[in-house]
Amino acid sequence: ANRDRIVLELEKDRGMLPAQAKNRIMVTIRPTRRATYTFSIMYQLLTPDGRSVNPVHPDPMDLCEVIVQGVYPTLVATDARCYGSGSGISKRQLWSLFSLDNLNLCLDSDPADDELTYVHPTRHSTRYRPPVYTRAILDFNFSAAPVGNDACVVDLLLENTGTVTSEWAFLFPVDLQLELEYWAETGEFDEDELHQMRVTDNRLFSVKPKKGRLDPGQTQTV
């Protein structure tokens, strides 16, 4: 594919090597998708005037083969427990309420181009409810409880099941919103933005910790 053309780069592809000498050449691999790449690196010895030293077999000869596995960081929800007002919710019910099967499917899928726009989360909107560039829209349903009852606390166990370090973060709309000067505020909000502001101002939800870093095989309870 066109996007795979510059997956492998050699620090230099030609040069002169004196007798009894060594020269280290750095090879840089930049996989562009989740796939297995196989590269054949070839060499050719040339005379000072650019001709092959072996006129009988002038074509380049095999030097080595490089095999690379392109991966994305992985994260899986492996366990969930409920406390407080939700202590009566079974693990099977909680798994369904939090759409954890679908969440794991989304986390395991290849990200879309829009999801790869930024290396790090960036404030990109002036709205109180910024647009979300992701195909995964899931419900985290905390069920219901009487007013004044204990808070519903859910523990999610996240695990890095991959081979590279995974960095994760829970982002609220305010984390993606550009901060405007006071004079630039219009004071006009639609229903979705007003609802979002009420949820945020009343702190109906909180996440601890909001971000983290997991090496392969490590887990973190959120």
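Phe-142 is partly exposed, with 27% relative accessible area. In this predicted model, Phe-142 pairs with Phe-205 in a tilted arrangement, the ring centres lying 5.4 Å apart and the planes at 50°. Why is the pair of Phe-142 and Phe-205 tilted? The angle between the planes is 50°, and the pair counts as tilted because stacked requires under 30 degrees and edge-to-face over 60. Phe-205 is also partly exposed, at 43% relative accessible area. The contact links distant parts of the chain: Phe-142 sits in the loop between α2 (100–108) and β6 (152–159), Phe-205 in the loop between α3 (191–201) and β8 (211–214), and 63 residues separate them. Phe-98 and Phe-140 join Phe-142 and Phe-205 in one aromatic cluster. The structure has five aromatic pairs.

Charged contacts come next. Side chains of opposite charge can pair when their charged atoms come close. The model contains seven salt bridges, including the three tabulated here with their closest N and O atoms.

| Salt bridge | Closest N–O distance | Separation in the chain |
|---|---|---|
| Arg-30 and Glu-9 | 2.9 Å | 21 residues |
| Asp-79 and Lys-91 | 3.0 Å | 12 residues |
| Glu-167 and Arg-213 | 2.6 Å | 46 residues |

Arg-30 lies in the loop between β2 (27–29) and β3, and its partner Glu-9 in strand β1 (residues 8–10). Arg-30 is partly exposed at 45% relative accessible area, and Glu-9 is partly exposed at 34%.

The bridge between Asp-79 and Lys-91 connects strand β5 (residues 76–84) to helix α1 (residues 91–97). Asp-79 has 17% relative accessibility and counts as buried, because the cut-off for buried is under 20%. Lys-91, at 40%, is partly exposed.

Glu-167 in strand β7 (residues 166–169) reaches Arg-213 in strand β8. Both ends are exposed, Glu-167 at 57% relative accessible area and Arg-213 at 52%. Elsewhere, Arg-34, Asp-108 and Asp-110 belong to one network of salt bridges with shared partners.

The surface also carries a nonpolar patch made of Tyr-43, Leu-45, Val-53, Met-61 and Leu-63, whose accessible area together is about 480 Å². Val-53 is located in the loop between β3 (36–43) and β4 (61–69) and is partly exposed at 46% relative accessible area.

As for confidence, the protein chain has a mean pLDDT of 82, with 83% of its residues at 70 or more. Where is confidence lowest, and where highest? The lowest mean, 77, belongs to α3, and the highest, 97, to strand β9 (residues 219–221).

Methods. Residues numbered from 1 in each chain as written. Predicted model: local features only at pLDDT ≥ 70, side-chain atom pairs only at ≥ 80, totals over all residues. Heavy atoms only, no water. Phe/Tyr/Trp six-rings, centres within 6.5 Å; stacked < 30°, edge-to-face > 60°. Helix = DSSP H or I, 4+ residues; strand = E, 2+ residues; numbered from the N terminus. Buried < 20%, exposed > 50% of the residue type's maximum accessible area, 1.4 Å probe, protein only. Patch = residues over 30% accessible without salt bridge, like charges linked within 9 Å, V, L, I, M, F, W, Y side chains within 5 Å. Areas by Shrake-Rupley, 256 points an atom, 1.4 Å probe, with all protein chains shown as cover. Salt bridge = Lys/Arg side-chain N within 4 Å of Asp/Glu carboxyl O. pLDDT = per-residue confidence, 0-100.
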